[in-house]
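Student: Please take a close look at one part of this model for me. I would like to go through the metal site, with its surroundings.

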Amino acid sequence: MNSSSVFALFFLSFGLLHADVSFITEEEYASDLYHSPRGIGCFKCHGEQGEGKLIATYKDKGEKRSFSPPAIKKLDFKSFDDAMRKRQRGMPRYFLTQLEIQTLYYYLHPEENINAD
Ligand code: HEC
């Protein structure tokens with residue numbers, strides 16, 4: 001094998017590998033984004049399917065309190081979208097794009113069409 005065909009083979013396999021990596025379904029992309037949205041994953045606070053989660057209980061001035069981010073799977077798209085654009089106490093701000101917000105909503109509502117708004 002001469003050196004140019006080695007190169008050709010290298011670029012060919014690189015191209016195939018690359019094609020493989022970028023070929024993910026909408027479901028996989030939505031799940032990736034929910035778990036790693038350029039920041040701490042939503043699931044860590046809102047649970048794997050957006051069902052809400054009890055993170056911690058503590059006492060404040062003798063009163064029992066808890067940090068329990070709410071369930072987010074039952075919000076309609078408008079409420080979800082509005083909430084993502086506002087500061088939420090105890091939640092990082094993400095500055096996501098419209099498409100990313102739609103994708104996250106889709107993750108929580110896989111039964112709905114991702115392109116419907
Ligand atoms: C560090 C924990 C934490 C993370 C991570 C987090 N959230 Fe939250 N989120 C909260 C808390 C706490 C609230 C409730 C704020 C309040 O009650 O004022 C909240 C509120 C919300 C609300 C509004 C709920 C409502 O009923 O109005 C939505 C929607 C939401 N989060 C979506 C997300 C999404 C999507 C992600 C990932 C991109 C995410 N959150 C990541 C803690 C978190």
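**The iron site in its setting**

Tutor: The protein chain of this predicted model has 5 helices and 2 strands. From the N terminus, the order is α-α-α-β-β-α-α. The chain has 117 residues, and 26% of them count as buried.

Now the metal. Two protein atoms serve as donors to the iron atom of the ligand: NE2 of His46 and SD of Met91. They lie 2.0 to 2.2 Å from the iron. The iron has 6 donor atoms, and the angles among them run from 87 to 179 degrees. The site is octahedral. For six octahedral donors, the ideal angles are 90 or 180 degrees.

Where do the two protein donors come from? His46 belongs to helix α3, residues 42-46, while Met91 sits in the loop between α4 (77-85) and α5 (98-108), so the pair ties together parts that are 45 residues apart in sequence. Their accessibility can be stated for each. His46 has a relative accessible area of 11% and is buried, because the cut-off for buried is under 20%. Met91 reaches 21% and counts as partly exposed.

Next, the ligand as a whole. It sits in the largest pocket. Two elements, α3 and α4, each give two or more residues to the shell around the ligand. That shell holds 21 residues. Those that come nearest are Cys42, Cys45, His46, Arg89 and Met91. His46 therefore appears twice in this account: as an iron donor in helix α3, and among the residues nearest the ligand. A side-chain N or O atom of His46 is also 2.8 Å from a nitrogen atom of the ligand.

The loops deserve a look too. Phe95 lies in the loop between α4 and α5, the loop that holds Met91. The phi of Phe95 is near 55 degrees, a positive value in a residue other than glycine. Phe95 is exposed, at 63% relative accessibility. Lys61 is another non-glycine residue with a positive phi, about 50 degrees. Its place is the loop between β1 (56-60) and β2. With a relative accessible area of 78%, Lys61 is exposed.

One last loop residue is Ala71, found between β2 (63-67) and α4. Ala71 is partly exposed, at 42% relative accessibility. Its C-alpha lies 8.0 Å from that of Gly47, and the two residues are 24 apart in sequence.

Terms used
Residues are numbered from 1 along each chain as its sequence is written. This is a predicted model: local features need pLDDT of at least 70, side-chain atom pairs count only at pLDDT 80 or more; totals for chains, interfaces and linings use all residues. Side-chain values use heavy atoms; hydrogens and water are left out. Donors are N, O and S atoms within 2.8 Å of the metal (3.2 Å for Na, K and Ca); water is not among the atoms, so sites may look incomplete. Four donors count as tetrahedral if all angles lie between 85 and 135 degrees; four count as square planar and six as octahedral if opposite donors are over 155 degrees apart and all others between 65 and 115; anything else is irregular. Helices (H or I, at least four residues) and strands (E, at least two) are DSSP runs, numbered from the N terminus. Buried means under 20% relative accessible area, exposed over 50%, partly exposed in between (1.4 Å probe, protein chains only). A residue is near a molecule or strand if one of its heavy atoms lies within 4 Å of it. A polar contact is a pair of N or O atoms within 3.5 Å; within protein, one must be able to donate a hydrogen and the other to accept it, and residues adjacent in sequence count only if both atoms are side-chain atoms. On a 1 Å grid over the protein atoms alone, a cavity is a set of points where a 1.4 Å probe fits but cannot get out, and a pocket is an open set with protein on both sides within 12 Å along at least five of seven lines; lining residues have an atom within 4 Å of a point. A molecule sits in a cavity or pocket if more than half of its atoms lie within 2 Å of its grid points.
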